[in-house]
Amino acid sequence: MREAIRQDVFAVPEANLVPAGCWVLRKTLPTTPDTWLNTLLVTGNGTDASSSNAGDICTIHSPELFDSIEDGDVGLVNGRGSVRVILSRRANHNTVLVTERCDNRCLFCSQPPKDRNDDELLMQAAAAIISFAGNDVIGVSGGEPLLYGDAFLRFLEIVQTHAPETGLHVLSNGRAFADRYFARAVAERLESPVVFGIPLYAALAEVHDTLVGAAGAHADTVRGLINAGNAGIPIELRIIPTQKNLQELVPLLELALRCFSGLQQVSVMNLEPTGWARANWGQLYCDPSLYADQLTSMVRQAEAAGLPIALFNYPLCHLPDTLHPWAVQSISDWKNYYPDTCSGCTMRPECGGFFSSSQGQFHQSPRIIS
Amino acid sequence: MRYLDKERYSEWVVRQALYWLTPTTRWRLDETENQWAVALDDDSYSAQAELDRLLNDFLLRERIGRRTETTRSAIADAVIRSIQQRLSES
Amino acid sequence: MMLPFNLEPLSDSRYFISNLAGFHRVVARETLELLAEQGDGVLDAGIKQDLARGLFLADSSAGEEAGVAALASGYARRLTRDLAFRPTFMIVPTLRCDHTCRYCQVSRAALGAAHSDYDLDARRIPQVIDLIARLGTAPYKLEIQGGEPLVRFDLVQAIYDEAEARLGATDFEVVITTSLSLLDDTILDWARGRRVVFSTSVDGTEVVHNRNRILPGDNAYQRVKRGIRAIQRQLGPDRVAAVTTVTKDLLAHPEALIEASQELGLTELFVRPVSPYGFAQKSGTGTYSFDDYMAFYDRLLSLIIAHEAAGGQLLSEYSGKIHLQRVFQPDFNGYADLKSPSGFLLDCVLINYDGKVFGSDEARMLQRVNPELDLSCGTVDHFDPAANPVYHKILKESLNAVHPGCEQCAYQPFCGTDPCQGISEQGEPVGDKSRSAFCQYHKRMFSYLIDRYYRDPEARSVMESWCHA
Ligand code: SF4
Ligand code: SF4
Ligand code: SF4
Ligand code: SF4
């Protein structure tokens with residue numbers, strides 16, 4: 001097993017006595033009671049484990065968990081003896097999942113959609129974000145969060161009212177914004193900094209539609225991006241290069257630069273071997289050296305237009321030196337690792353390394369240059 | 001004098017071509033029932049060739065334009081909407 | 001399904017096509033004939049995809065709807081971008097000049113003319129900078145024009161000091177447009193620690209230069225050479241740039257320009273045809289056709305390519321570069337002439353020696369030859385473009401997409417308008433494009449550059465390095 005840098009799941013046998021769901025993890029009893037989620041008091045070695053399970057407060061003993069959290073983190077108890085820390089003050093990035101439903105079927109979806117109704121997740125996520133009350137950005141992902149329509153508008157209102165310091169980064173396929181009025185409605189509710197990360201994979205409809213497994217998706221997302229941008233919604237445009245869209249990368253960026261407004265950043269992301277991407281790896285993954293020229297041209301165009309561009313999830317040794325300034329050390333801290341070969345590498349402090357999910361057939365070797 | 005069939009050359013094509021012929025030569029346009037009659041002050045081969053080139057290109061523009069007429073107006077509407085929206089945002 | 005686009009012929013039956021969002025392609029006439037005749041169904045799959053990526057075609061009705069939205073959004077984006085008010089502030093401290101150039105565009109005043117008639121009143125400088133502070137935002141771009149501004153170096157210094165005090169020490173940059181004949185150690189010392197660059201004129205080698213740029217009793221070329229060298233040595237190579245007015249004498253000798261740039265250590269050329277303003281036309285030196293000019297430009301580009309191929313340093317040419325950037329670089333609007341709405345007033349606020357304010361350098365030149373017109377937008381203490389109906393008319397009609405002639409033109413998304421040139425040539429800002437020097441020049445530049453870019457790989461790589469430098 002390759003060690004990821006930060007662990008987020010903890011086996012706590014006595015947690016199967018705690019009702020499943022989201023809890024505020026406390027190291028000491030809060031002076032004002034938690035209101036949006038119930039309190040789970042975590043005790044470690046040397047803490048007084050005498051607190052009662054009175055009222056809504058449950059207590060578990062786990063020195064390991066105790067040492068891994070800060071007071072006020074949010075954990076998800078699965079009812080089968082484990083606790084996953086979903087919002088952590090020690091993480092470099094936190095994300096909440098609001099639904100597993102989606103109107104796309106991306107060949108590389110890391111969170112393969114399920115059709116069952118999971119409406120309860122949205123308000124649970126709101127409660128988690130509000131309880132956490134952080135002042136960093138929290139990722140909101142799915143599935144497709146905007147499938148909630150009006151309920152999503154209420155989610156925005158509630159979160160922004162009760163956690164005004166928390167910024168949101170919403171990952172959406174953007175199709176819902178094809179409805180101009182919905183885009184406007186969302187725009188009107190943006191108070192704290194909220195950015196929508198919206199992927200577009202091709203200038204050509206057929207290529208995008210194939211990659212996302214949905215006919216008509218391209219037309220929706222293109223119109224969605226236009227409407228959202230015109231309505232004033234800040235957008236991060238996300239592009240994942242694969243074997244199927246290499247010809248599209250440069251034209252896609254031109255489309256973005258010429259036609260979309262409100263772009264804050266373009267993010268080019270190396271394919272991550274999780275979810276369906278693992279099953280389709282052979283027909284999707286593309287060695288970055290095969291599209292280094294396209295990346296260079298994209299970086300040039302974006303820079304010339306004054307639009308920030310960043311390359312995510314690329315081990316530095318997989319990119320030409322000239323692109324290193326745009327590579328971002330980005331893989332979430334519980335997802336990355338450095339194989340042994342990296343140990344002598346001088347670029348390691350700036351390098352994001354590899355996904356801990358890239359093992360076996362999914363692993364691309366580091367290429368030590370110096 | 002050049003005679004151009006009205007069947008083939010619309011008034012738009014002829015007028016556009018002549019507009020851009022002005023730097024090459026002065027011209028006069030008359031018409032009969034079925035034809036346009038174009039008189040060029042400079043009747044040289046190169047002026048005639050320039051007129052032909054212009055007529056040809058405007059015929060092409062006209063034919064392509066006809067296929068996209070409705071989208072052109074759809075775009076105009078959308079532009080106005082989008083500019084209005086931008087202005088109301090800023 | 002086809003989406004709307006415009007077309008212009010290039011060489012060899014190829015066409016340049018472009019759409020409202022500013023995408024372009026170069027296609028064969030047969031492709032266009034097929035499209036006109038039978039629509040896109042019959043096209044080769046590769047061509048079809050290429051055209052669809054540029055929003056020339058859509059593959060379905062949903063795609064058509066998205067295509068329409070994207071074209072409209074791209075167009076609106078272009079307009080809003082070109083509409084931004086980010087002017088260069090030009091200041092004319094004096095109209096007096098030690099040169100008597102044959103093509104002088106600004107109808108200079110004699111060196112000995114009365115100061116009170118042709119120099120800026122030093123007491124007005126605080127007002128000038130005040131106007132700039134009110135109209136602009138940091139970083140401010142100031143350009144000191146003439147006449148010969150160094151005739152009144154004291155005013156240049158005073159303007160700089162005032163700007164430093166009012167605009168913030170690092171929030172502005174000053175370009176001094178000068179023949180460099182008066183450059184001396186005092187000026188160099190002054191410029192050393194300041195945010196000042198010099199823009200000068202070099203019209204070719206010594207013979208060609210001196211035939212047009214005349215410094216009575218002295219050698220203009222030797223002066224400018226000495227000046228450029230001194231700046232390069234003492235302040236650095238990036239502190240001086242040169243523009244070239246292509247006179248009839250240079251027309252047959254593009255190599256003279258390469259030679260001169262070698263001799264002067266300049267790597268960026270900026271060539272322009274003799275301007276149609278002011279006295280240039282009347283003097284008889286500037287009369288050549290645009291075909292002649294393009295033949296010159298073609299030879300110049302070939303010389304630049306050959307020079308580089310022979311191991312010489314890459315020379316760039318700024319006029320070509322901005323035309324290419326307009327086409328290839330989304331969002332590029334760094335050149336007042338190539339903008340629609342035009343750069344008039346949006347890109348330039350010129351404060352003349354007499355305190356009058358103009359919306360472009362051309363406007364003040366036009367004013368000078370047409371004293372009966374009022375082309376100003378007020379004065380330093382009373383800036384008011386709304387008060388002059390000419391400004392209203394110019395701004396209202398500065399959108400080339402609706403100009404007859406431009407409406408059909410495939411260069412329209414990249415081109416611009418020059419209302420002053422329209423007024424000067426035809427008495428009104430829009431004018432008949434077929435007779436407009438502006439149109440003739442820019443249309444030829446666009447089609448020449450694009451044609452060569454797509455036909456000649458060597459030229460293409462040189463042009464690419466111009467744009468990416
Ligand atoms: S849009 Fe694609 S990647 Fe995102 S949740 Fe839906 S199927 Fe998965
Ligand atoms: S060898 Fe390892 S640390 Fe070095 S650049 Fe490659 S992946 Fe990064
Ligand atoms: S240096 Fe400039 S202002 Fe002076 S005469 Fe020559 S062109 Fe005119
Ligand atoms: S001025 Fe001439 S080249 Fe420019 S857009 Fe108009 S017609 Fe085309």
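**Entry 1: chain A against chain C**

I started with the A/C pair, where 23 residues of chain A are in contact with 23 residues of chain C. I'm noting right away that this is a predicted model. The two chains bury about 2000 Å² between them. Carbon and sulfur atoms carry 57% of that area.

Next I looked for charge pairs. I got two salt bridges across the interface of chain A and chain C. I wrote down Glu65(C) with Arg223(A), where the closest N and O atoms are 3.1 Å apart. For polar contacts between chain A and chain C I have nine residue pairs, both residues at pLDDT 80 or more.

Then I asked myself which elements of chain A give two or more residues to the side that touches chain C. I listed α5 (205-212), α6 (217-231), α7 (249-259) and α10 (292-304) of chain A. The top contributor is α7(A), which puts in six residues. Sorted by class, I find 13 nonpolar, four polar and six charged residues on the side of chain A that touches chain C.

**Entry 2: chain C against chain B**

I moved on to the other partner of chain C. Here 39 residues of chain C are in contact with 24 residues of chain B. The buried area I have for chain C and chain B is about 2700 Å², with 65% of it from carbon and sulfur atoms. I checked which residues lead on the chain C side: Pro4(C), Gln408(C) and Ser434(C) supply 20% of the area that chain C buries against chain B, more than any other three residues.

How many salt bridges cross the interface of chain C and chain B? I count four. I looked up Arg63(B) and Glu33(C), whose side chains meet in a salt bridge at 3.1 Å, N to O. Polar contacts between chain C and chain B come to 14 residue pairs, both residues at pLDDT 80 or more.

On the chain C side, the elements giving two or more residues are β1 (6-9), α1 (29-38), α3 (61-82) and α18 (437-455) of chain C. I marked α3(C), as this helix gives the most to the side of chain C that touches chain B, with ten residues. The class tally for that side of chain C reads 19 nonpolar, ten polar and ten charged residues.

**Entry 3: the two domains of chain A**

Back to chain A, this time looking inside the chain. The domain assignment splits chain A into domain 1 (9-87) and domain 2 (94-362). I have their C-alpha centres 32 Å apart. Eleven residues from domain 1 of chain A and 13 residues from domain 2 of chain A make the contact.

Domain 1 and domain 2 of chain A bury about 930 Å² between them, and 74% of this is on carbon and sulfur atoms. I searched for salt bridges between domain 1 and domain 2 of chain A and the count is zero. Polar contacts between domain 1 and domain 2 of chain A also come out at zero residue pairs, taking pairs with both residues at pLDDT 80 or more.

On the domain 1 side, I noted β2 (21-26), β5 (73-77) and β6 (82-87) of chain A as the elements that give two or more residues to the face touching domain 2. By class, that side of domain 1 of chain A has eight nonpolar, two polar and one charged residues.

**Entry 4: the two ligands**

I looked up the surroundings of ligand 1. The residues around ligand 1 are Cys102(A), Asn104(A), Arg105(A), Cys106(A), Cys109(A), Pro113(A), Gly143(A) and Asn173(A). I sorted this shell into four nonpolar, three polar and one charged residues.

Which residues come nearest to ligand 2? Of the eleven around ligand 2, I noted Cys317(A), Cys342(A), Cys345(A), Cys351(A) and Phe354(A). The class split of the shell around ligand 2 is ten nonpolar, no polar and one charged residues.

**Entry 5: salt bridges overall**

Last, I pulled the total, and the count comes to 54 salt bridges over all chains. I picked out a pair within chain C, where the side chains of Asp50(C) and Arg25(C) meet at 3.1 Å, N to O. This pair links distant parts of the chain, 25 residues apart. Asp50(C) sits in helix α2 (residues 45-53) of chain C, and Arg25(C) in strand β3 (residues 24-28) of chain C.

Methods. Residues numbered from 1 in each chain as written. Chains lettered and ligands numbered in written order. Predicted model: local features only at pLDDT ≥ 70, side-chain atom pairs only at ≥ 80, totals over all residues. Heavy atoms only, no water. Contact = heavy atoms within 4.5 Å. Buried area = accessible area lost by both parts, 1.4 Å probe. Polar contact = N/O pair within 3.5 Å; in protein donor to acceptor, adjacent residues only side chain to side chain. Helix = DSSP H or I, 4+ residues; strand = E, 2+ residues; numbered from the N terminus. Nonpolar A, V, L, I, M, F, W, Y, C, P; charged D, E, K, R; others polar. Domains from an automatic or database assignment. Near = heavy atom within 4 Å.
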